[in-house]
Amino acid sequence: MALAAYLKEDKPIELSQACGVVKFYKTYAVKRDHFELIAIQFEHSKYNRHLRFDEELLSKSKGEYVCFEYLDKFKYSDLAESKILRWINE
């Protein structure tokens, strides 16, 4: 919803690209809804970042090196979480 409001302002959205290693998946349940986050240790970082992704994306294996395009919550403060949009190295 926040993304829709942001889009209405006609600002160009810049997708971020990154690579890293898949650490784990975590499923969350909120009321009647559930969603899954993927934890990825980005290149040149000691820490994991948790990103949401669409169920339409193929899951990657733990320990797999991946590259992807995503919306970064640190660039767009209206986003509650970062979201992977597509895998680049498929």
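Biologist: In this predicted model, what percentage of the contacts in the protein chain between residues at least 6 apart in sequence join residues at least 24 apart?
Modeller: The contacts considered here are those in the protein chain between residues at least 6 apart in sequence. Of these, the share that joins residues at least 24 apart comes to 47%.

Biologist: Which pattern does the protein chain follow when read along the sequence?
Modeller: The protein chain holds one helix and five strands. Taken in sequence order, these elements give the pattern α-β-β-β-β-β.

Biologist: Which strands does the disulfide of C19 and C67 tie together, and how many residues apart in sequence are the parts?
Modeller: A search of the whole structure returns one disulfide, formed by C19 and C67 with their sulfur atoms 1.9 Å apart, which is inside the 2.5 Å limit for such a pair. Because C19 belongs to strand 1 (residues 16-30) and C67 to strand 4 (residues 65-71), the link ties together parts of the chain that are 48 residues apart in sequence.

Biologist: What is the handedness of that link, and are C19 and C67 buried or exposed?
Modeller: The angle about the S-S bond is 105 degrees, and the link of C19 and C67 is right-handed. Since buried means under 20% relative accessible area, C19 at 18% falls in that class, and C67, at 15%, likewise counts as buried.

Biologist: How many bridges join strand 1 to strand 4, and how many pair strand 1 with strand 2?
Modeller: Strand 1 and strand 4 run antiparallel, and within this pairing A18 has F68 of strand 4 as its bridge partner. Strand 1 also pairs in the antiparallel sense with strand 2, where F24 stands opposite A39. The bridges number six for strand 1 with strand 4 and ten for strand 1 with strand 2.

Biologist: Which residue takes a positive phi in the hairpin of strand 1 and strand 2?
Modeller: Most residues other than glycine have a negative phi, so a positive value deserves a remark. The hairpin has two residues between its strands, and the residue with a positive phi, near 55 degrees, is K31.

Biologist: Where is H44 placed, and is H44 buried or exposed?
Modeller: H44 is a residue other than glycine whose phi is positive, near 60 degrees. The place of H44 is the loop between strand 2 (33-42) and strand 3 (48-53). With exposed defined as over 50% relative accessible area, H44 at 84% counts as exposed.

Notes. Residues numbered from 1 in each chain as written. Predicted model: local features only at pLDDT ≥ 70, side-chain atom pairs only at ≥ 80, totals over all residues. Heavy atoms only, no water. Helix = DSSP H or I, 4+ residues; strand = E, 2+ residues; numbered from the N terminus. Buried < 20%, exposed > 50% of the residue type's maximum accessible area, 1.4 Å probe, protein only. Pairing = 2+ DSSP bridges. Contact = heavy atoms within 4.5 Å.
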